[in-house]
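Visitor: I'm new to looking at protein structures, and I'd like to take a close look at one part. Could you walk me through a sheet here, and then show me what else is worth finding in the chain?

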Amino acid sequence: MATKILDFVDGQWTDAKSADLLSVINPASASTIAEVVMTPKEVVAEAVEAGQKAFRDWRTTPVVERVQYLFKLKMLLEDNLDDIAKIITNECGKTYKESVGEMRRGIENVETACGMPMMIQGYSNEDIASGIDEHMFRQPLGVVAAITPFNFPGMIPLWFLPYAVATGNCFILKPSERVPMTSAKLFELIEEAGFPPGVIQLVNGGKDAVNALLDHPAVRAISFVGSTPVAQYVYSRATANGKRAQCQGGAKNPVVIMPDADMDMATRIMADSAFGCAGQRCLAASVAITVGDAKNTFTEQIADAATSRKVGYGLDDVQMGPVITKDSKDRIEGIIEGSTNQGASILVDGRGQSVDSYDDGYWVFPTILDNVDPKSEIAKTEIFGPVLSLMHAQTVEDAIAIVNDRGFGNMACLFTESGAVARKFRYEADAGNVGINIGVAAPMAFFPFSGWNDSFFGDLHAQGRHGVEFYTQTKVVVERWPREWSRQF
Ligand code: NAD
């Protein structure tokens, strides 16, 4: 019988017996590896109430004590890294190395939040007028929740959880129903770290659980990561209900290759960026724009890199795994098929391939579409698979115009050896995360993950200081203590 993934509410693993179950599928074998409860709204409400109850003591627990639980969690995550990475690979499809890499970035957020005694500090001025002082304190909000996507089941919950609880909030996670096993493992470790009941809780499920969080009046803030249409929906409903919201959406990330770039380095990094995690990264390079003479060399080299990439089950010795579902495979293959009607040519075709012993897996091999028209629909559509579109420009100005003519603004990168071109690009590119000679410009935990435009709805981003500001409300205290009052003692 498949393992049943439960909720973790008020310190207990909870089985909502009436809940529907959804199969969790290993995308490499297409076999069912678990079943997850689709949590009904009543259980979500129980979790929110347990969070409210726990908040009374948690917010008065000194921050130096709150972070002790995070130090413990960090050690448990390190000790269990291998197990967690294997779970990620089995339910999400990426390679073992990619799973370990994702967890490293997640753990980095736990480490950063351990510095909360300094990060949460306010500021003060003495004598704003004679005998009057003014202070700013940061106080937690209460119960907060995060709704996360399938593609980084270990890392993305940790973009939020450590900051939320270190600042004194009680946190509820609603992970993607397609990859709930990683969160279940994470919560075993959270339980072992000894957080008080109700401080960190897990509710599984889909749309109904999300709506229950968005509508519950006691949930004060919502963090979301996923596709743009859902990000927009979550942002509108959360804010209409008076909540804070930070909603990260989809992406289509362009990379400009200048003729003076180190072509070997650019090709190697671009292949990792476009085809790593089977292209299912919100920071995947999905468009390469060559400038001038870069066209021929880069096109030839990237085609070789795509063709030679080793694809298979992520626990074997491979460089790329499957895409997440059969629907996803069908959708990606449909986009490849339709690309020629929009003027593109298929330079490397990753359709119709199979992997020995994994015949039923959701395989799409690395694919390259050449001469994609920047104005065409595929040029602006998030494919979210291992498909790289090539465009060709004559000048850096033309390339930057293509970079900036799109709805998304998650990431833009440039390969060059010219500092002046790099500065121009960094200054003008319409994106919140910019890479120079970098293929995946993923900010470290102590920088904000700065998506722009249709890639982000809200103002404060995930991670670092933005996380601290998002999860706290400022209280300003102005106090008058006239000097003459001390004379009586
Ligand atoms: P998704 O939008 O389908 O799902 C994300 C979350 O929303 C899940 O927890 C899901 O249960 C929930 N959800 C789905 N449909 C819903 C609905 N109608 N109402 C309420 N909740 C709903 O995204 P996904 O397919 O899991 O993840 C891939 C997407 O996430 C891609 O678009 C990718 O670019 C994006 N992403 C963005 C970032 C970023 O930092 N900007 C990071 C990772 C992934």
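Guide: Let's start with one pair of residues: M136 stands opposite V476 in β23. Keep in mind that this is a predicted model. Now follow the strands around that pair. Strand β7 covers residues 132-140, and 9 bridges join β7 to β23. The two strands run antiparallel. In general, strands of a sheet pair through backbone hydrogen bonds, and the pairing can be parallel or antiparallel.

Step back a little and the whole sheet comes into view. The sheet has 3 strands in the order β6-β7-β23, the pairing is antiparallel, and the sheet is open. Which strands stand at the edges? They are β6 (123-129) and β23 (472-480), and each has a single partner strand, so one side of each is left without a neighbour in the sheet. From one strand to the next, the twist averages 25 degrees.

Next, let's turn to the helices. Two packed helices are described by the angle between their axes and by the distance between the axes. Take helix α4 (residues 96-113) and helix α6 (residues 157-166): they pack at an angle of about 15 degrees, and their axes are 8 Å apart. Because of that angle, α4 is roughly parallel to α6. The crossing of α4 past α6 is right-handed. To find the contact on your screen, look in α4 for residues including M103, I107 and V110, which belong to the group that meets residues of α6, among them L158, W159 and Y163. Sorted by class, this contact of α4 with α6 has 9 nonpolar residues, 3 polar ones and no charged ones.

A second helix pair can be read in a similar way. The axes of α8 (residues 207-215) and α9 (residues 228-240) come within 8 Å and cross at roughly 30 degrees. That angle makes α8 roughly parallel to α9, and their crossing is right-handed. On the α8 side you will find V210, N211, L214 and D215, which meet Y233, V234, R237 and A238 in α9. By class, the contact of α8 with α9 has 5 nonpolar, 1 polar and 2 charged residues.

Finally, zoom out to the chain. The protein chain is divided into domain 1 (3-249 + 455-477) and domain 2 (253-436). The C-alpha centres of these two domains lie 31 Å apart. Where they meet, 23 residues of domain 1 are in contact with 25 residues of domain 2.

Key. Residues are numbered from 1 along each chain as its sequence is written. This is a predicted model: local features need pLDDT of at least 70, side-chain atom pairs count only at pLDDT 80 or more; totals for chains, interfaces and linings use all residues. Side-chain values use heavy atoms; hydrogens and water are left out. Two strands pair if DSSP finds at least two bridges between them. Helices (H or I, at least four residues) and strands (E, at least two) are DSSP runs, numbered from the N terminus. Axes are lines fitted to C-alpha atoms, for helices over the stretch in contact, and angles run from 0 to 180 degrees between N-to-C directions. Angles under 35 degrees count as roughly parallel, over 145 as roughly antiparallel, 65 to 115 as roughly perpendicular and the rest as oblique. A crossing is left-handed if the near helix is turned anticlockwise from the far one by less than a right angle, and right-handed if clockwise. Contact means heavy atoms within 4.5 Å. Ala, Val, Leu, Ile, Met, Phe, Trp, Tyr, Cys and Pro count as nonpolar, Asp, Glu, Lys and Arg as charged, and the others, Gly among them, as polar. Domain bounds come from an automatic or database domain assignment.
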